[in-house]
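Dear colleague,

Please find below the structure that I am handing over to you. A summary of the findings follows it, beginning with one residue and ending with the whole chain.

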Amino acid sequence: SEVNDAESLGIEVIALRQTSGGFMLDFRYRVPNPEKSMPMFQEEITPYLIDHSSGSELPIIGSTKVGPLRPTSRDPRKGVVYFMFFGNPGQLVKVGTKVTVVVADHRLENLVVQ
């Protein structure tokens, strides 16, 4: 069963913005509850973003040198703002678009891209 809220995931959404000329989406979040937030940091869990208008699923951006552009930690810190970058090929997701970020069985729905 999927849960639709950031609080159940131990995070507070700060922003979701286009970056890199619109070819990436920068998702920022604060961690008020490090224990609950662990799925955000586990390497074996791969978050992705769903564009509501096209239904496309956009993965976390990765690089052969640095790996996925997201934090991994066994010890996320309370109050710290973290980030992850989703790919946005062809600038598919526009400013003002509604999206859902999926992390394991959690859904952060109706986030608006800034």
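**Two loop residues and their setting**

Gln91 is located in the loop that runs between β7 and β8. Please note that the model is a predicted one, and that the values below were computed from it.

Is Gln91 fully buried, or is it partly exposed? Its relative accessible area is 29%. Since buried means under 20% and exposed means over 50%, Gln91 counts as partly exposed.

Gln91 also meets a part of the chain that is remote in sequence. Phe23 is 68 residues away from Gln91 along the chain, yet the C-alpha atoms of the two are separated by 5.3 Å. With residues up to four places away in sequence set aside, Gln91 touches Gly21, Gly22 and Phe23. With Gly21 there is a polar contact as well: the side chain of Gln91 reaches the backbone oxygen of Gly21 at 2.4 Å.

The second residue to which I would draw your attention is Thr97. Thr97 lies in the loop between β7, which spans residues 81–87, and β8, which spans residues 98–103. The relative accessible area of Thr97 is 13%. Because this value falls under the 20% limit, Thr97 is classed as buried.

Which residues does Thr97 contact, leaving aside its neighbours within four places in sequence? They are Asp51, Ser53, Leu111, Val112 and Val113. Within its own loop, a polar atom of the Thr97 side chain lies 2.7 Å from the backbone oxygen of Lys94.

I turn now to the protein as a whole. The protein contains nine strands and zero helices, and from the N terminus on its elements read β-β-β-β-β-β-β-β-β. The radius of gyration is 13 Å, close to the 13 Å that the globule rule gives for 114 residues, so the protein is as compact as a globular protein of that length. Along the principal axes, the C-alpha atoms fill a box of roughly 35 × 35 × 25 Å.

Of the 114 residues, 40% count as buried. Among contacts between residues at least 6 apart in sequence, 65% join residues at least 24 apart.

As to the surface, the accessible area of the protein comes to about 6200 Å², and 49% of it belongs to carbon and sulfur atoms. The protein carries 12 positive and 13 negative side chains, and the centres of these two sets are 8 Å apart.

Yours sincerely

Definitions and conventions:
Residues numbered from 1 in each chain as written. Predicted model: local features only at pLDDT ≥ 70, side-chain atom pairs only at ≥ 80, totals over all residues. Heavy atoms only, no water. Helix = DSSP H or I, 4+ residues; strand = E, 2+ residues; numbered from the N terminus. Buried < 20%, exposed > 50% of the residue type's maximum accessible area, 1.4 Å probe, protein only. Polar contact = N/O pair within 3.5 Å; in protein donor to acceptor, adjacent residues only side chain to side chain. Contact = heavy atoms within 4.5 Å. Rg over C-alpha atoms; globule rule 2.2 N^0.38 Å. Areas by Shrake-Rupley, 256 points an atom, 1.4 Å probe, with all protein chains shown as cover. Lys, Arg positive; Asp, Glu negative; His and termini not counted. Charge placed at Lys NZ, Arg CZ, Asp CG, Glu CD.
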